[in-house]
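This report looks at the aromatic rings of one protein chain and at what lies around them. Please keep the sequence and the structure in view while reading.

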Amino acid sequence: MNSRKLLSETRRTFPATKVRCQQPSRILIVDVTSPSWTNTCSVLSEALENTLCLVCSLTGPCRVPLLSLYVVQSQQECLLPFTQVRENFARVQACISELRSLPREGCFPQGGNGVVQAVQDGLQQFKQYSRHTAAGGSANSSVEVTILTSQSSKEMVKQLENKLKDVDLVSLRRIQVIEILKRDFLEPEDMEQCMPAEEPISNDIAILGMDIDVQTIEDNVISLEMLFKTWLHDYGTEREHLHLLLPSGGFSHAAAPKTTLMCLKCDLQERLLDPALLSGTADGTVRAADLNSPCQMAAWPATVLYKLRVVKALKSEGVCESVLYGLPFIIKPTSCWQLDWDELETNQHSFHALCHSLLKRKWMLLAKREPQNISPNWNIVVHSYYIIVPSDSATLLVKAVAIRELLLPSTFPALLAEHPESVYGPIESALNSLEVEVAYNPLHLKSNLYKYLKSMLYKPLHRQQVQPRDQRPERHQPKQHQSRAKATVAPLLMAPSPAQVFRPAVARRDSCECSLLPKEYDEFLQ
């Protein structure tokens, strides 16, 4: 029996409450006893720093509210006690610099229970943190643990299963065991060109009344960066995000009542980050999507239930790219835990059947967004329309489509049948000199965005030379206040589109005392 189901059914016995921050806190545990730590250290540090600079630069609710970092050597050590990531990039970067300075391979013996002890210590620290913040009015009720190791993931899971039997796991949402594979036959440049899967190889192992997610990835920057970027997705499962309304089957086109609809309950997921969300100022000015706008949707944060009613089908070849605008969103069958399991299963099968039928027919769907609020004060309702595109996976893509009022007149002159050789030849020569790729891969392109964001987040005043570990003073340092300078990422906007630190009295496991700076947080298609 799947233990995730048991956990969900247990939660369903309690009344649903509105959680202020549904994103889980993060405990990252790095096993540095690997024989290949020399290479893993540099790529891991770069990938983590890149992801966290995005987290600190994005406006809106913080996607990684709290982070704690442990390293496992001969014993575990807490490099970063639970810290709010937003407005603390200088502190986070100092921790990553310390991670880079750790002794390299061959310095620490493998084996032992250091990883398990780090998990236990992290959960205890989070329990204490949650107790203090709950007293102050903040709420952050769940935590996820990510373990990076080169040891056998199966052996690691066995250790966790044996040692965590008697540990309080109420606040633990998930444990990820990431086994990092070394690719000795790849040169560094080849690693950058080797395209990892966006979703690493994964298995869910059900133990302890929860799931342990076992993944295998390569030790290169791109793979680890995509792993950390999964933290940026919306992890709220309190409700579905989207209702996709289709005409109910069993009626002819003429006789089908307008009110008879089939509802597929779905979740929205971002395909890419909105560049507009990377614009912010130190005084808190936010340039984000207006959730009340009738012409746009937002998958983050998922605070609104959207309803899209399918009004007609379109031939795939009959949709012009020039009338599609805005950011695309991925539609998936919902994973809302408040739904019955039979309903979840039926909903998922219906969603898969829709994807299959659309592909077979080579159709897209045209859908109208139902008004969010209907009240006597609304005399005029503005409708927006969307194109829903199938794929060969169990997902759909939704993009806004132009309406009459937004469309500008354009002329498209016909191509000339014949061209003078004096101009045709040079054009052909220029095209023949281009490198041709079968498909576009965005992972091949860099824009220096990470460097730009880091320069905005980290003032020169905070840049210090990392001292050798044996010459370092005590870990406790004065809290660094970091203000975010004004940043406008102009080149990326062409498309439409408080510092609270939980600090253990001693950073190692030999003390669990803490101090806290408080804060007030195919039938229906026929």
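## A charge over a ring

In this predicted model, Arg361 lies over the face of Trp363, at a distance of 4.7 Å from the ring centre.

## Aromatic pairs

A pair of aromatic rings is described by the distance of the centres and the angle of the planes. The count of aromatic pairs comes to three. One of them is formed by Phe82 and Phe126, a tilted pair with 5.6 Å from centre to centre and 55° between the planes. This pair links distant parts of the chain, since Phe82 belongs to strand β3 (residues 76–84) while Phe126 belongs to helix α4 (residues 114–135), and the two are 44 residues apart.

Phe82 also pairs with Tyr129: the ring centres are 6.1 Å apart and the planes stand at 40°, which is neither under 30 nor over 60 degrees, so the pair counts as tilted. Here too distant parts of the chain are linked, with Phe82 in strand β3 and Tyr129 in helix α4, 47 residues apart.

## The cluster and its burial

Taken together, ring pairs link Phe82, Phe126 and Tyr129 into a cluster. Are the residues of this cluster buried or exposed? Phe82 and Phe126 are both buried, and Tyr129 counts as buried because its relative accessibility is 1%, where the cut-off is under 20%. For Phe82 the relative accessibility is likewise 1%, and therefore Phe82 falls on the buried side of that cut-off.

How values were computed: Residues numbered from 1 in each chain as written. Predicted model: local features only at pLDDT ≥ 70, side-chain atom pairs only at ≥ 80, totals over all residues. Heavy atoms only, no water. Phe/Tyr/Trp six-rings, centres within 6.5 Å; stacked < 30°, edge-to-face > 60°. Helix = DSSP H or I, 4+ residues; strand = E, 2+ residues; numbered from the N terminus. Buried < 20%, exposed > 50% of the residue type's maximum accessible area, 1.4 Å probe, protein only. Lys NZ or Arg CZ within 6 Å of the ring centre and 35° of its normal.
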